[in-house]
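Please look over the chain shown here with its charged side chains in mind. The report below follows them from paired groups to unpaired ones.

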Amino acid sequence: MPDHPQHLPDRVDVLVVGAGFGGLAALHRLVTDHPDLEILAIERAGEAGGVWRENDYPGAACDVPTSLYSLSFAPNPDWSHSYGRQHEIREYLIGVADGHRDRIRYNCALQDAEWDAAQALWIVSTERGVIRCRFLVTAPGALSAPGVPDLPGASDFGGTVFHSAQWEHGHDLTGRRVAIVGSGASAVQIVPEIVDRVEHLTVFQRTPAWVVPRLDRTIGRTERTVYRRLPAAHRLIRALVYLYREFYVILMARRPRLLPIATAIGKAQLRFQVRDRSLRRRLTPDYTIGCKRMLLTNKWFPALQKRNVTLTGALAELTSDGAVDSDGRTHEVDTVVFATGFTPTAPPIAGHLRGRTGDTLADTWAGSPSAYRGVSVHGFPNLFFLYGPNTNLGHSSIVLMLEPQARYTSTAIRHLRDRGLDTIEVTAQAQQTYNAGLDRELGGTVWNTGGCASWYFDAKGRNSVMWPTFTRTYRRMMSTFVADDHRLGRAPAHTDDTAQVIR
């Protein structure tokens with residue numbers, strides 16, 4: 001493969017889309033296991049980082065311990081805190097990507113990809129030209145498409161509007177009247193950071209969230225030195241934190257009756273930090289803790305009690321110079337920040353991938369994503385999806401899911417190569433059976449039974465986001481490749497509409 005960083009070859013064996021945690025895990029694993037293959041990654045932005053490049057709003061940080069938030073092949077002993085800050089995670093990913101700089105093409109967004117059965121290839125259109133590949137590995141991330149509500153009056157508003165994942169750093173909030181729309185994971189980080197700069201802050205809360213203490217600490221120089229010089233000590237800490245976080249699965253999925261333990265912690269923090277009974281009632285959720293993402297913060301409740309803060313109901317509409325809440329009250333604002341999350345059940349890339357029948361992945365899913373092991377989709381040969389349906393976690397690091405997916409992808413490709421085959425497609429029956437089992441397991445979890453409406457549920461009411469059990473269970477499953485669950489074949493010798501099916 002040419003070394004020139006701007007060169008986009010006409011054809012490669014494997015094309016990886018994305019240079020966040022998933023894309024880098026896939027790139028490393030494939031290059032390690034298949035050094036003789038031509039492997040390339042494309043990234044829409046000018047640098048690596050994925051969600052940690054996009055989400056650079058004030059206070060952005062991770063709610064998963066840094067002990068678990070690094071790739072196994074690139075341990076980082078130099079985190080400054082037990083919960084990573086956005087800039088550190090971004091710099092870490094840029095450093096990992098630098099080790100593969102000759103294999104990554106930046107500013108090269110995927111526009112469309114179509115399976116060509118006659119050639120048994122994916123034809124991928126990008127901003128910088130067309131590239132063909134035998135295998136397409138997409139790692140767009142689940143938190144990459146901002147979700148912005150369609151509000152009445154939005155076009156009439158005369159102020160500044162942006163999403164938290166598209167923060168306008170050139171827009172100074174000092175002395176402004178700002179509306180924060182949402183009270184979820186990003187809002188609880190943003191509000192404490194900007195509250196003392198703005199003239200007034202109006203927080204539009206649709207549903208209160210369960211908040212628990214953030215046990216963050218600074219990792220001192222001595223401790224970091226020990227981790228650098230004694231990698232085994234670093235691995236031990238990672239293992240202990242891993243076991244502790246796996247315990248959360250018991251609460252959320254296996255023994256929900258134990259959740260009152262977590263509820264007591266959340267209520268204690270609320271009572272300790274919010275003395276006003278009326279405000280405390282407005283901040284107390286009416287659903288089971290864990291049904292939605294629990295928020296780790298010590299600063300949210302104190303910030304909401306500042307004199308220049310108004311906590312109100314959901315945002316109903318915008319006017320030329322204000323925002324109207326669900327009770328009909330108008331609040332004068334000049335800046336609106338949507339901290340309204342993302343659209344994991346409707347990933348934009350799904351509308352740009354056309355499979356064997358010519359339908360897009362979005363058409364195939366029809367509002368309800370599903371996949372075999374979260375990676376393969378019937379009708380889309382030689383396509384592997386990282387961070388696909390039902391692989392999100394409510395208790396631990398997504399890295400623990402992405403790396404098994406990368407290894408599984410590599411194993412599947414190895415299985416084909418060892419047998420002189422070219423195409424792989426999961427059967428409809430295998431995919432249906434797998435997802436039926438997932439649905440049964442999810443049925444008893446707090447995410448499905450906790451009494452809340454969350455972003456885990458898709459347009460058809462199915463929980464197509466969460467993984468229902470331990471990460472070790474997923475890792476064990478992904479360590480094996482079941483050939484009988486797939487149609488394996490060879491590329492046609494002559495132009496034809498299908499590959500020759502071997503089994």
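The account that follows deals with salt bridges, a patch of surface charge and one serine.

The model is predicted, and a search of the whole structure finds 20 salt bridges in it. Side chains of opposite charge can pair when their charged atoms come close. Three of these pairs are set out in the table.

| Positive partner | Negative partner | N to O distance |
|---|---|---|
| Arginine 228 | Aspartate 78 | 2.4 Å |
| Lysine 306 | Aspartate 196 | 3.4 Å |
| Arginine 356 | Glutamate 425 | 2.7 Å |

The side chains of arginine 228 and aspartate 78 meet in a salt bridge. Arginine 228 belongs to helix H5 (residues 221-229) and aspartate 78 to the loop between strand E3 (61-65) and strand E4 (83-85), so this pair ties together parts that are 150 residues apart in sequence. Arginine 228 counts as partly exposed at 42% relative accessibility, and aspartate 78 is likewise partly exposed, at 34%.

Lysine 306 forms a salt bridge with aspartate 196. This pair links distant parts of the chain, 110 residues apart, with lysine 306 in the loop between helix H9 (300-304) and strand E14 (309-312) and aspartate 196 in the loop between helix H4 (187-194) and strand E11 (200-204). Lysine 306 is partly exposed at 35% relative accessibility, whereas aspartate 196, at 60%, counts as exposed.

Arginine 356 forms a salt bridge with glutamate 425. Here the linked parts of the chain are 69 residues apart, arginine 356 lying in the loop between strand E19 (353-354) and H10, and glutamate 425 in strand E21 (residues 423-426). Arginine 356 is partly exposed, with a relative accessible area of 36%, while glutamate 425 counts as buried because its relative accessibility is 4%. Elsewhere, salt bridges that share partners join Glu43, Arg53 and Glu54 into one network.

Other charged residues gather on the surface: Arg271, Arg275, Arg277 and Arg281 form a patch of positive charge there. One of them, arginine 271, has its place in helix H7 (residues 260-273) and counts as exposed, at 52% relative accessibility.

Is serine 376 buried or exposed? At 6% relative accessibility, serine 376 counts as buried, and this residue lies in the loop between helix H10 (361-365) and strand E20 (383-385). Leaving aside residues up to four places away in sequence, serine 376 touches Ala371, Leu383, Phe384, Val426 and Gln431.

Conventions: Residues are numbered from 1 along each chain as its sequence is written. This is a predicted model: local features need pLDDT of at least 70, side-chain atom pairs count only at pLDDT 80 or more; totals for chains, interfaces and linings use all residues. Side-chain values use heavy atoms; hydrogens and water are left out. Patches are made of residues with over 30% relative accessible area and no salt bridge: like charges are joined within 9 Å, nonpolar side chains (Val, Leu, Ile, Met, Phe, Trp, Tyr) within 5 Å. Accessible areas come from the Shrake-Rupley method with a 1.4 Å probe; for residues, only the protein chains shown count as cover. A salt bridge is a side-chain nitrogen of Lys or Arg within 4 Å of a carboxyl oxygen of Asp or Glu. Lys and Arg count as positive and Asp and Glu as negative; His and the chain ends are not counted. The place of a charge is taken as NZ of Lys, CZ of Arg, CG of Asp or CD of Glu. Helices (H or I, at least four residues) and strands (E, at least two) are DSSP runs, numbered from the N terminus. Buried means under 20% relative accessible area, exposed over 50%, partly exposed in between (1.4 Å probe, protein chains only). Contact means heavy atoms within 4.5 Å.
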